[in-house]
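The following exercises concern a single protein chain. Please work through each task with the sequence and the structure at hand before reading the solution.

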Amino acid sequence: MIRLDNIRKTYATRDMETVALNDVSLTIEKGEFVAVMGPSGCGKSTLMNVLGMIDTPTDGSYFFDGIDIAKYKESQLVKMRKNNLGFVFQSFNLIDDLTVEDNIALPLRYLKIPRATRQNRVREALELVGLENRARHKPSQLSGGQQQRVAVARAVIADPKLILADEPTGNLDSQNGKDVMELLGLLNEQGATILMVTHSETDAAKADRIIRMLDGRVLDHGLSAGKEEVA
């Protein structure tokens with residue numbers, strides 16, 4: 001579903017050039033759950049931004065469903081993001097003034113989905129994350145774990161082809177983090193393709209495969225410890 005060929009991303013100032021991604025090539029298959037790991041500054045966030053169509057590579061090709069979008073204009077990338085991607089952020093990124101159900105419905109509003117359909121999908125998403133009784137609450141009335149479950153519901157409501165999760169348990173205690181990882185695992189079992197950036201070896205073990213990065217390069221991408229045990 002995704003293929004990166006010799007992706008390079010540099011940031012230039014008048015005095016110097018910083019290489020954030022250096023000749024990165026990798027594939028992610030449909031239905032795969034992939035974790036990306038590495039020390040701070042290794043290029044994980046830049047890779048996430050490129051895959052999330054938030055940033056464009058300096059060189060190389062990015063094939064999404066067989067189409068090279070590396071040189072797409074911003075307007076084209078916005079359309080691709082809306083129709084194909086769902087995001088889960090470490091800091092939740094919920095809108096404080098909106099209720100839980102209105103936060104979840106946002107992607108459908110952007111896609112101009114009719115109200116009746118939106119309401120049905122929001123109800124299903126709330127059931128999926130176990131927050132049916134929190135629909136009219138505001139984010140400030142929820143725990144961190146509940147807020148992250150709202151973020152997951154928002155990410156999946158438009159049935160995206162790819163879910164990008166950036167440190168999804170980073171702001172959670174161990175139990176809430178475990179709950180969120182179980183939810184992501186369930187979504188993957190249901191067919192969702194997930195790429196997750198994480199510092200947690202425990203979380204990464206839930207993935208099918210781990211991509212390890214250093215200094216803007218991919219060092220290796222083998223089975224996670226959890227999948228090796230199964231194999």
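**Exercise 1.** Is Arg3 buried, partly exposed or exposed?

*Solution.* The model is a predicted one. Step one: the relative accessible area of Arg3 is 36%. Step two: buried requires under 20% and exposed requires over 50%, so Arg3 is partly exposed. Step three: Arg3 forms a salt bridge with Asp5, and the closest N and O atoms are 2.9 Å apart. Asp5, at 24% relative accessibility, also counts as partly exposed.

**Exercise 2.** Determine which residues stand opposite one another where strands E1, E4 and E5 pair.

*Solution.* Begin with E1 (residues 2-12) and E4 (residues 59-64), which run antiparallel and are joined by five bridges. Here Arg3 stands opposite Phe63 of E4. Next, E4 pairs with E5 (residues 67-68), again in the antiparallel sense, over two bridges. In this second pairing, Phe63 stands opposite Asp68 of E5. Finally, examine the hairpin of E4 and E5: two residues lie between the strands, and Asp65 takes a positive phi near 55 degrees.

**Exercise 3.** Characterise the salt bridges of Lys9 and Arg136 by partner, distance and accessibility.

*Solution.* A search of the whole structure finds eight salt bridges; two are treated here. Lys9 forms one with Asp55, with the closest N and O atoms 3.2 Å apart. Because Lys9 lies in strand E1 and Asp55 in the loop between helix H1 (44-51) and E4, the pair ties together parts that are 46 residues apart in sequence. Both Lys9 and Asp55 are buried.

Arg136 forms a salt bridge with Glu101, the closest N and O atoms being 2.1 Å apart. This pair links the loop between H4 and H5, which holds Arg136, to helix H3 (residues 100-110), which holds Glu101, over 35 residues. Arg136 counts as exposed at 56% relative accessibility, whereas Glu101 is partly exposed at 23%.

**Exercise 4.** Explain how the buried residues of helix H6 are arranged, and describe the ends of the helix.

*Solution.* First, H6 (residues 174-189) has 16 residues and reaches 22 Å from its first C-alpha to its last, close to the expected 22 Å. Second, its buried residues are Gly177, Val180, Met181, Leu183, Leu184, Leu187 and Asn188. They cover an arc of only 155 degrees around the axis, so they lie on the same side of H6. Third, their packing partners include strand E3 (33-37), helix H4 (115-129) and helix H5 (144-156). The face turned away from the buried side carries the exposed residues Ser174 and Glu189.

As for the ends, Asp173 caps the N-terminal one: a side-chain oxygen lies 3.2 Å from the backbone nitrogen of Gln175. H6 is followed by Gly191, whose phi is positive, near 115 degrees.

Key: Residues are numbered from 1 along each chain as its sequence is written. This is a predicted model: local features need pLDDT of at least 70, side-chain atom pairs count only at pLDDT 80 or more; totals for chains, interfaces and linings use all residues. Side-chain values use heavy atoms; hydrogens and water are left out. Helices (H or I, at least four residues) and strands (E, at least two) are DSSP runs, numbered from the N terminus. The expected span of a helix is 1.5 Å times one less than its number of residues. Buried means under 20% relative accessible area, exposed over 50%, partly exposed in between (1.4 Å probe, protein chains only). The arc is that of the directions from the helix axis to the C-beta atoms. Contact means heavy atoms within 4.5 Å. A polar contact is a pair of N or O atoms within 3.5 Å; within protein, one must be able to donate a hydrogen and the other to accept it, and residues adjacent in sequence count only if both atoms are side-chain atoms. Two strands pair if DSSP finds at least two bridges between them. A salt bridge is a side-chain nitrogen of Lys or Arg within 4 Å of a carboxyl oxygen of Asp or Glu.
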